[in-house]
Amino acid sequence: MKICRYNDNRLGIVEKGQVKDVTNVLTLLPALRWPLEHGDHFVRNLPGLLPAIKDLASRADTASLSIADVHLLSPVANPGKIIAAPLNYSLHVAEGSDPAINQGVHMPDFEGFATPIDKFGLFLKSQTGLVGPGDGIELHFPNRRNDHEVELAVVIGKRGKRIARAEALGHVAGYCIGLDMTVRGPEDRSFRKSADSYSVLGPWLVTADEITDPDDLDFHLSVNGLTRQRSNTRELICDVPDLIARASRVYELYPGDVIMTGTPEGVGAVEGGDRVHAWFETIGEMEVLVR
Ligand code: MN
């Protein structure tokens, strides 16, 4: 099932290029009481809502709109955290030796460690910097190099600490396309990748049952129609179960937490007016305007 959030926080199911409005199921969400639990209220309750969502979507009188006519928001409204992997594709590690990318500070060398992530760990991006494809990317450093990074984004569905690799995929609610926008420079990653709109999640959440192997998905990204990045998630150095296991040893994972799994080679600059198009096998595609 492909679940989207669109327009003024409506909830939809995407089928054959159409969005079916299932917003009414949100009335079934339990009432909130302060202090709120960590994580996203909708994702936490999604398993219980699925029968009602399916029922509503199957009704012939359910209103529907063309995908092209809706404003797509981030499918996760309130992620507790956005965890991200640096340097997780070998050819991106290799291109990281370019001074225009590493700025003389973020050297990709990981000699003495099994993987770059064993050396550099994971990092966090601001959860309030997250937008959907319809919102677009607002450049915050117009005189510097702002790069696209297309990544498989994993949305956690079930809370967990120290999750074993074998159990990891059972904690996944679904998958999205993620854009980990980045300004190149000497600052810490959490600064350079957390500006408002520098995390894009979309076009919708594909529930985990539709993707049996997240570590074998083709994907690509183009800017103004020219391909910049093209890879398959089988090229991940630390694969999806490994990333979930590693992250959950440091941070308890909550429903709605997002893991951006890392970007392949081909990162490059975007400028105001650019149209970024990203496609992932089984997930879908999205276009994001830079301004
Ligand atoms: Mn990245």
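Colleague: How many of the residues of strand 13 are buried, and what does that say about where the strand lies?

Modeller: The general idea is to count the residues of an element that fall under 20% relative accessible area, and then to read the count as a statement about enclosure. In this predicted model, nine of the nine residues of strand 13, residues 199-207, are buried, so the strand is largely enclosed by the rest of the structure.

Colleague: Which strands pair with strand 13, and in what sense, parallel or antiparallel?

Modeller: Pairing is read from the bridges between two strands, together with their direction. Strand 11 is joined to strand 13 by six bridges and runs antiparallel to it, and at one of these positions aspartate 180 has serine 199 as its bridge partner. Strand 1 also pairs with strand 13 in the antiparallel sense, over two bridges, with isoleucine 3 standing opposite leucine 205. Strand 8, residues 130-131, pairs with strand 13 in the parallel sense, again over two bridges, and there valine 131 has valine 200 as its partner.

Colleague: What should I keep in mind about side chains when I follow such a strand?

Modeller: In a regular strand the side chains alternate between the two faces of the sheet.

Colleague: Where does strand 1 go after residue 6, and with which strand does it form a hairpin?

Modeller: A hairpin is read from the strands on either side of a turn and from the backbone angles within that turn. Strand 1, residues 2-6, pairs antiparallel with strand 2, residues 10-15, over four bridges, and tyrosine 6 stands opposite arginine 10. Three residues lie between the two strands, and asparagine 7 in the turn has a positive phi of about 50 degrees. Strand 2 is then joined antiparallel to strand 3, residues 18-21, by four bridges, with valine 14 opposite valine 19. This second hairpin has two residues between its strands, and lysine 16 takes a positive phi near 50 degrees.

Colleague: Which residues supply the protein donors of the manganese ion?

Modeller: One looks at the donor atoms, at their distances, and at the spacing of their residues along the chain. Here the protein donors are Glu149 (OE), Glu151 (OE) and Asp180 (OD), at 2.0 to 2.1 Å from the manganese ion, and their spacing in sequence is E-x1-E-x28-D. Asp180 is the aspartate that we met as the bridge partner of serine 199 in strand 13.

Colleague: Are the two glutamates buried or exposed?

Modeller: Glutamate 149 has a relative accessible area of 4% and is therefore buried, and glutamate 151, at 0%, is buried as well.

Colleague: How many residues of helix 6 are buried, and what covers them?

Modeller: For a helix, the periodicity is a useful starting point. An α-helix has 3.6 residues a turn, so residues three or four places apart point the same way. In helix 6, residues 240-250, nine of the 11 residues are buried, so this helix is largely enclosed by the rest of the structure; among the buried residues are Val240, Leu243, Ile244 and Ala247. Their cover includes strand 6 (82-84), helix 4 (116-120), strand 10 (150-156), strand 11 (172-180) and strand 16 (258-260). At the start of helix 6, a side-chain oxygen of aspartate 239 comes to within 3.1 Å of the backbone nitrogen of aspartate 242.

Colleague: With which residues is valine 43 in contact, once its sequence neighbours are left aside?

Modeller: Contacts beyond the neighbours within four places show which parts of the chain meet at a residue. Valine 43 belongs to helix 1, residues 41-58, and counts as buried at 2% relative accessibility. Its contacts outside that sequence window are Val76, Val155, Ile156, Gly157, Ala173, Pro255 and Gly256.

Colleague: How do the figures for the whole protein fit with this, beginning with the radius of gyration?

Modeller: With 291 residues, a compact globule would have a radius of gyration near 19 Å, and the protein, at 18 Å, agrees with that. The secondary structure comes to six helices and 19 strands, and 56% of the 291 residues count as buried. Among contacts between residues at least 6 apart in sequence, 76% join residues at least 24 apart. The accessible surface is about 12800 Å², with 51% of it belonging to carbon and sulfur atoms.

Definitions and conventions:
Residues are numbered from 1 along each chain as its sequence is written. This is a predicted model: local features need pLDDT of at least 70, side-chain atom pairs count only at pLDDT 80 or more; totals for chains, interfaces and linings use all residues. Side-chain values use heavy atoms; hydrogens and water are left out. Donors are N, O and S atoms within 2.8 Å of the metal (3.2 Å for Na, K and Ca); water is not among the atoms, so sites may look incomplete. Buried means under 20% relative accessible area, exposed over 50%, partly exposed in between (1.4 Å probe, protein chains only). Contact means heavy atoms within 4.5 Å. A polar contact is a pair of N or O atoms within 3.5 Å; within protein, one must be able to donate a hydrogen and the other to accept it, and residues adjacent in sequence count only if both atoms are side-chain atoms. Two strands pair if DSSP finds at least two bridges between them. The radius of gyration is taken over C-alpha atoms; the globule rule is 2.2 Å times the number of residues to the power 0.38. Accessible areas come from the Shrake-Rupley method with a 1.4 Å probe; for residues, only the protein chains shown count as cover.
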